[in-house]
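User: Please take a close look at the salt bridges for me. I'm new to this, and plain language would help.

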Amino acid sequence: MIFETLRLMNAETIMQVMLGFFAFCSFLLALVTLWNKFRLRNIRLTWRQGKLAGFPLFATIFTGFTLLLLIVAWYNGMEGYKIIIGMYGFMSLNWMVSSYLMSKRYITDYGIAKNINDPSQTIAWSDIHDFYEHKGMGFYRFSFFYSSRNKTTGQVSCHKLDIEVPEQRIGAFRKILAQKLGRRFHMEPPKTWAEISHYGKPST
């Protein structure tokens, strides 16, 4: 029955069905990502970390290009292509939402969330055993070394995570580090807003 139905379909119908399927999958991805974002508890700090002014590069370009095609199709009265381009537009918006939320950096009371769609990848503060930093152009790059245990074999392995903290967030980020790692790394937290705004700037 299914194969007979597929045999009777023309190429355009098959393309529309495939686009509809991918549009539905992209919607599910965006929905799951939004749900996981709202499930995050005790978020202390967050910032955009996309490559295009803080937004995800490819998702933003694809969304802009698709919206441009929609405008062209509407302006030229291309009725036969509106549904197809509309599906691409729907997919691009879903991709944009999910990519934007996944590209953001989330710092919580528990640790650093690497991937909001995979809570197991969150690095707990207690697992971090060393870190260092250096100044970049408009940001500070922190390299964290942490350990994790394989649930199957029980083997402990060491990993490294690099994150770039914007200069506008460096004071608040250093305050969190002092609170979470200060006892182990002998860090003194800032005590006033003036100290927070200047905390962590390299001495001259």
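Analyst:
**Salt bridges, one by one**

Before the pairs, a look at the tail: over residues 190-204, pLDDT (the predictor's confidence in each residue, from 0 to 100) stays under 50. For that stretch the model has 17 contacts beyond four places in sequence, a contact being heavy atoms within 4.5 Å. For the chain, the mean pLDDT is 83, and 85% of the residues reach 70 or more. This is a predicted model, with local features needing pLDDT of at least 70, side-chain atom pairs 80 or more, and totals for chains, interfaces and linings using all residues. Numbering runs from 1 along each chain as its sequence is written, and side-chain values use heavy atoms, without hydrogens or water.

Now the backdrop. The chain has six helices and seven strands, taken from DSSP runs (H or I, at least four residues, for helices; E, at least two, for strands; numbered from the N terminus). Buried residues make up 32% of its 204 residues.

How many salt bridges does the structure hold? There are six, each a side-chain nitrogen of Lys or Arg within 4 Å of a carboxyl oxygen of Asp or Glu.

Take Arg174 and Glu133, whose side chains meet at 2.3 Å, N to O. This pair ties distant parts of the chain together: Arg174 sits in helix α5 (residues 170-185) and Glu133 in strand β5 (residues 128-135), 41 residues apart. Arg174 counts as buried because its relative accessibility is 11%, while Glu133, at 28%, counts as partly exposed. (Buried is under 20% relative accessible area, exposed over 50%, partly exposed in between, with a 1.4 Å probe and protein chains only.)

Strand β5 comes up again with Lys135, which forms a salt bridge with Glu167, the closest N and O atoms being 2.6 Å apart. Here, too, distant parts are linked: Glu167 lies in the loop between β7 (156-166) and α5, and Lys135 in β5, 32 residues apart. Glu167 has a relative accessible area of 38%, so it is partly exposed. Lys135, at 39% relative accessibility, is partly exposed as well.

Next up are Lys160 and Asp162, with their closest N and O atoms 3.9 Å apart. Lys160 has 45% relative accessibility and therefore counts as partly exposed; Asp162, at 38%, is partly exposed too.

Finally, there's a group rather than a lone pair: Arg44, Asp109 and Lys180 are linked in a network of salt bridges.
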